Amino acid sequence: MRELSIDQGAGTPAASGARFRSRSGGSLTREKFLLYEMRTVAGLLCDGEDEASIIERAASENLFQYPTTKESRSIAKACSARLAALDSPELVRLAAFGTPSQAVQVNILGMMLLYDVMWHFMVDAIGGRFRMLDYTFTPMNMAAFMTEYQLENPQAADWTDATVKRVKGTLSNCLIQGGYQTKGSDELHSVMLDLEIEREMRAKGLVEELAAFNCF
């Protein structure tokens, strides 16, 4: 395996161990969970390819089997941004070559670091339930979270009803894809954070984010 270098690139937040959260809720609804795509991009990064060449390969070789080259290029950029936000070659390796559970948890963490609404949802709403030992999360809880988020975040205050609906749907799907909930159920499953991921998160100073994985 070649030495892994994550290209921060123009427009990508600089590594700082802090919260990046540069993408909007609208971006989240377009990009969704992308576990397969994220693992593919992570594998190419681990093989020594840079971000620009991966994006071009995604389009020219249709790596993700999407209908258009524009969509493939956009998704490759989104995956690359999630991986860059991690600022951790070790987490990128786990995303590429780790177990399915490790890849899911790294993907969720990357999304949290990139999308502000995802960070607050996973840390405040889901982590808050875990902290209180309340293992339920209902549509009413989702509505309450979204209302509070819009009140406290000016960039979300002007979201249309349609955008709010899509954001809620995407967040709910992330819970299902991440193993936190089963479709149609209000039960919130406890999760066990992988020890390698926990160790790397603590080393990077990502302590608040541990709450999203029921780790305190």
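The crossing of α5 and α6 is left-handed. That is in a predicted model, so please keep this in mind for everything I say today. Helix α5 covers residues 89-97 and helix α6 covers residues 100-114. Two packed helices are described by the angle between their axes and the distance between the axes. Here the axes come within 7 Å and cross at roughly 130°. Why call the pair oblique? Angles over 145 degrees would count as roughly antiparallel, and 65 to 115 as roughly perpendicular. The angle of roughly 130° is in neither range, and therefore α5 and α6 are oblique to each other.

Which residues of α5 and α6 meet? From α5 there are Leu91, Leu94 and Ala95. From α6 there are Gln102, Ala103, Val106 and Leu109. Sorted by class, this contact of α5 with α6 has six nonpolar residues, one polar residue and no charged ones. The polar one is Gln102.

Now the chain as a whole. How many helices and strands does the protein chain have? There are eleven helices and zero strands. Read from the N terminus, then, every element in the order is an α. The chain has 216 residues, and 51% of them count as buried. Next, the contacts in the chain with a separation of 6 or more: 71% of them come from residues 24 or more positions apart.

Next, two loop residues. Most residues other than glycine have a negative phi. Asn62 is not a glycine, yet its phi is positive, at about 50°. Where is Asn62 found? It sits in the loop between α3, residues 51-60, and α4, residues 69-86. Is Asn62 buried, partly exposed or exposed? Its relative accessible area is 25%, and buried would need a value under 20% while exposed would need one over 50%, so Asn62 is partly exposed.

The other residue is Asp87, in the loop between α4 and α5. Asp87 also is not a glycine, and its phi is positive, near 50°.

Last, the cysteines. How many disulfides does a search of the whole structure find? The search finds zero. I will mention Cys46 and Cys215 by name. Cys46 has a relative accessible area of 0%, so this residue is buried. Cys215 has a relative accessible area of 12%; that is under the 20% limit, so Cys215 is buried too.

To go back to the opening pair: α5 and α6 make a left-handed crossing, and the two helices are oblique to each other.

Definitions and conventions
Residues numbered from 1 in each chain as written. Predicted model: local features only at pLDDT ≥ 70, side-chain atom pairs only at ≥ 80, totals over all residues. Heavy atoms only, no water. Disulfide = S-S within 2.5 Å. Buried < 20%, exposed > 50% of the residue type's maximum accessible area, 1.4 Å probe, protein only. Axes fitted to C-alpha atoms, helices over the stretch in contact; angles between N-to-C directions. Helix = DSSP H or I, 4+ residues; strand = E, 2+ residues; numbered from the N terminus. Parallel < 35°, antiparallel > 145°, perpendicular 65-115°, else oblique. Left-handed = near helix turned anticlockwise from the far one by under 90°. Contact = heavy atoms within 4.5 Å.
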